[in-house]
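Biologist: I would be grateful for a close look at a single part of this model, followed by an account of the surroundings in which that part sits. Please also indicate where the coordinates call for caution.

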Amino acid sequence: GRTETSRNIFLEDLPYTVIKDDPFDVQNPKNPNAIWTVSYPKSPVETQLSNRLKTNIKSSLATRGYSTADSDICINSIKEMSVQYNDSGRVDSGRIIVVLDAKRTATGQFETIEEAVALTKNNARSILNVKSLLFTVTDTGSSYLVTGGGFGHGVGMSQYGAQYMATLGYGYEAILDFYYPGTTLSNLDMVSPPPTPTTEPTSAPTSGPTQTSKPFPRPSSGPSPTTSPAPG
């Protein structure tokens, strides 16, 4: 539903990757990822999420003097899940605060503590198991509802958006212009070098004519694609 600029994902600022709404992506009836939701109860914490959170807090636990064995870590609840956005509306940073029982290494006693897991644009998708960074987080009271759209980083051309534009009658020039504004199309002339002659190996004379090799024929160019008129 919205494209992303390359500087927010790949650091390099390419002028033809811009932030803009993409109605063709979300209006395509064949797009299964136009809108999706994931719900995470505050307690008990969903098992797979709990395992991913454990992986991300072990370094901090070790620094604080707690065991990092999975059996010595029990995440009881999610106290907070918050996110901040970049200029395209995608998640740029955030955090998850969990309440857990952790085993003190020195004494072997369990203590109830809190740990914070930092969310970044590099790890938020994997930790929350979501398809893109274009999502919001809503506190429903008993859970956190993650609602988003799209599948991937959002830079460049949407496959579902381009496909739907084509079904509406847009030609390739209009599709490329929509997703890569400010660019121009030109022909790329590719000339193959002539074949390099090879030296025939010396062999004993044989009866009959000697077959000579012929250069592989170059394929002839097909018709140039035409641009379908865009709807008025």
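**Ser88 and its surroundings**

Modeller: Once neighbours within four places in sequence are set aside, Ser88 is in contact with Arg2, Thr3, Glu4, Ile19 and Leu134. The model is a predicted one, and this residue lies in the loop between β2 and β3. Despite that loop position, Ser88 is buried: its relative accessible area is 2%, and the cut-off for burial is under 20%. The side chain of Ser88 makes a polar contact of 2.9 Å with the side chain of Asn86. Leu134, one of the contacts listed above, is 46 residues away along the chain, yet the C-alpha atoms of Ser88 and Leu134 are separated by 8.4 Å.

The two strands that flank this loop, β2 (73–85) and β3 (91–103), each supply at least two residues of the largest nonpolar core. That core has 30 residues, and the members touching the most others are Ile96, Leu100 and Phe135. Beyond β2 and β3, at least two core residues each come from β1 (36–41), α3 (47–63), β4 (110–120), α4 (124–128) and β6 (143–148). In soluble globular proteins, nonpolar side chains tend to be buried together. Phe135 illustrates how separate stretches of the chain meet: leaving out residues up to four places away, its contacts include Trp36, Val83, Tyr85, Val91, Leu128 and Val146.

A second loop residue offers a useful comparison. Lys121 lies between β4 and α4 and is partly exposed, with a relative accessible area of 26%, whereas Ser88 is buried. The side chain of Lys121 reaches the backbone oxygen of Asn8 at 2.8 Å. With neighbours within four places excluded, Lys121 is in contact with Asn8, Ile9, Leu11, Val91, Asp92 and Leu133. The C-alpha atoms of Lys121 and His153 are 9.8 Å apart, although 32 residues separate the two along the chain.

Elsewhere, a separate core of 7 residues includes Phe24, Tyr164, Met165 and Phe178. Two of these, Phe24 and Phe178, also belong to an aromatic cluster with Tyr170 and Tyr179. Within that cluster, Phe178 and Tyr179 are both buried; their ring centres are 4.9 Å apart and their planes stand at 90°, so the pair is edge-to-face.

For the protein as a whole, there are 6 helices and 6 strands, running α-α-β-α-β-β-β-α-β-β-α-α from the N terminus. Of its 232 residues, 32% count as buried. Of the contacts between residues at least 6 apart in sequence, 60% join residues at least 24 apart. The accessible surface is about 14700 Å², and carbon and sulfur atoms account for 54% of it.

On confidence, the mean pLDDT is 88, with 86% of residues at 70 or more. Residues 210–232 have pLDDT below 50, and this stretch makes 17 contacts in the model beyond near neighbours in sequence. Where pLDDT is low, the predicted coordinates should not be read in detail.

How values were computed
Residues numbered from 1 in each chain as written. Predicted model: local features only at pLDDT ≥ 70, side-chain atom pairs only at ≥ 80, totals over all residues. Heavy atoms only, no water. Helix = DSSP H or I, 4+ residues; strand = E, 2+ residues; numbered from the N terminus. Buried < 20%, exposed > 50% of the residue type's maximum accessible area, 1.4 Å probe, protein only. Contact = heavy atoms within 4.5 Å. Areas by Shrake-Rupley, 256 points an atom, 1.4 Å probe, with all protein chains shown as cover. Core = buried A, V, L, I, M, F, W, Y, C linked by side-chain atoms within 4.5 Å. Polar contact = N/O pair within 3.5 Å; in protein donor to acceptor, adjacent residues only side chain to side chain. pLDDT = per-residue confidence, 0-100. Phe/Tyr/Trp six-rings, centres within 6.5 Å; stacked < 30°, edge-to-face > 60°.
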